[in-house]
Amino acid sequence: MGEQAVTGPGATPAAERMPDAGGEDAAAATGSGTGPTTGPTTAGMTVDGAPAAPADVSGAGMSADAIPAAPVGGAPDVGPQQRTADITAGPGGVMTDEVGVVTGELTLRTEYADGQVTLRVQYKDADEWYAVTGGRVALADPAGLDAVHAIAVALLHRPEG
């Protein structure tokens with residue numbers, strides 16, 4: 001990598017100097033000459049060095065610099081959930097625990113219950129459901145069910161063969 005030019009006001013070259021290992025230059029920075037600024041934040045700190053306020057990132061399953069409150073009684077109680085999609089099995093079909101390979105027009109059901117995801121298939125519009133062989137996995141956060149279902153559909157739906 002080559003060197004980078006550092007410019008000052010008016011695109012003039014900045015004076016050569018050693019990096020500020022102690023952070024005194026950043027702490028002394030001022031916006032309009034009246035004191036430290038409280039501008040944008042990075043890595044949980046504001047420009048003036050004070051910790052940023054906790055930020056909730058709802059829906060992303062995380063928060064920035066915040067300690068999440070523990071739900072009363074442990075993990076939130078989310079009842080059984082499921083997603084379904086009509087698929088067409090590829091040339092090798094879909095292997096099931098109960099009846100072996102199923103082929104053709106199928107319905108895929110992705111179920112979440114008790115921290116586990118289970119994939120099941122049925123012939124389209126049939127009554128019987130069959131567990132997909134190897135289609136069971138632990139899922140700590142039920143919010144991930146849509147992603148697991150989308151991946152399962154993408155892997156098993158092969159209308160072109």
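The largest nonpolar core of this predicted model has 12 residues, namely Ile 87, Ala 89, Val 94, Val 102, Leu 106, Leu 108, Leu 119, Val 121, Tyr 130, Val 132, Ala 152 and Leu 156. Two or more residues of this core come from each of the strands E6, E7 (116–123) and E8 (130–138), and from helix H2 (145–156) as well. In soluble globular proteins, nonpolar side chains tend to be buried together. Leu 119, a member of the core, can serve as a way in: leaving aside neighbours within four places in sequence, Leu 119 is in contact with Leu 108, Arg 109, Thr 110, Tyr 130, Ala 131, Val 132, Gly 135 and Ala 152.

To place these pieces in the whole chain, it helps to follow the order of the elements. The protein has two helices and eight strands, and from the N terminus on they run α-β-β-β-β-β-β-β-β-α. Of the 161 residues, 22% are buried, while the protein exposes about 11200 Å², with carbon and sulfur atoms supplying 57% of that area. Among the contacts with a separation of 6 or more, 37% are between residues 24 or more positions apart.

Strand E6, which covers residues 105–113, includes Arg 109, and Thr 110 is found in E6 too. Arg 109 has a relative accessible area of 15%, and because a residue under 20% counts as buried, Arg 109 is classed as buried. The side chain of Arg 109 makes a polar contact of 2.7 Å with the side chain of Glu 111. Not counting residues up to four places away in sequence, Arg 109 touches Gln 82, Arg 83, Thr 84, Thr 118, Leu 119, Arg 120 and Trp 129.

Thr 110 is likewise buried, with a relative accessible area of 0%. A polar contact of 2.6 Å joins the side chain of Thr 110 to that of His 149. With neighbours within four places in sequence set aside, the residues in contact with Thr 110 include Gln 81, Gln 82, Val 117, Thr 118, Leu 145 and Val 148.

Just ahead of this strand, in the loop between strand E5 (100–102) and E6, is Gly 104, which is partly exposed with a relative accessible area of 30%. Gly 104 and Ala 89 are 15 residues apart in sequence, yet their C-alpha atoms are 5.4 Å apart in space. Beyond the neighbours within four places in sequence, Gly 104 is in contact with Ile 87, Thr 88 and Ala 89, and of these Ile 87 and Ala 89 are listed in the core described above.

The path then turns to the later strands and the loops that join them. Strands E7 and E8 run antiparallel and are joined by five bridges, and Thr 118 stands opposite Arg 136 in E8. The hairpin of E7 and E8 has six residues between the strands.

Two aspartates in these loops deserve a look at their backbone angles. Most residues other than glycine have a negative phi. Asp 114, however, has a positive phi of about 55° although it is not a glycine, and Asp 125 has a positive phi near 70°. Asp 114 is placed in the loop between E6 and E7, whereas Asp 125 is found in the loop between E7 and E8. Asp 114 counts as exposed at 78% relative accessibility, and Asp 125 counts as exposed at 71%.

Methods. Residues are numbered from 1 along each chain as its sequence is written. This is a predicted model: local features need pLDDT of at least 70, side-chain atom pairs count only at pLDDT 80 or more; totals for chains, interfaces and linings use all residues. Side-chain values use heavy atoms; hydrogens and water are left out. Helices (H or I, at least four residues) and strands (E, at least two) are DSSP runs, numbered from the N terminus. Buried means under 20% relative accessible area, exposed over 50%, partly exposed in between (1.4 Å probe, protein chains only). A polar contact is a pair of N or O atoms within 3.5 Å; within protein, one must be able to donate a hydrogen and the other to accept it, and residues adjacent in sequence count only if both atoms are side-chain atoms. Contact means heavy atoms within 4.5 Å. Accessible areas come from the Shrake-Rupley method with a 1.4 Å probe; for residues, only the protein chains shown count as cover. A nonpolar core is a set of buried Ala, Val, Leu, Ile, Met, Phe, Trp, Tyr and Cys residues joined through side-chain atoms within 4.5 Å. Two strands pair if DSSP finds at least two bridges between them.
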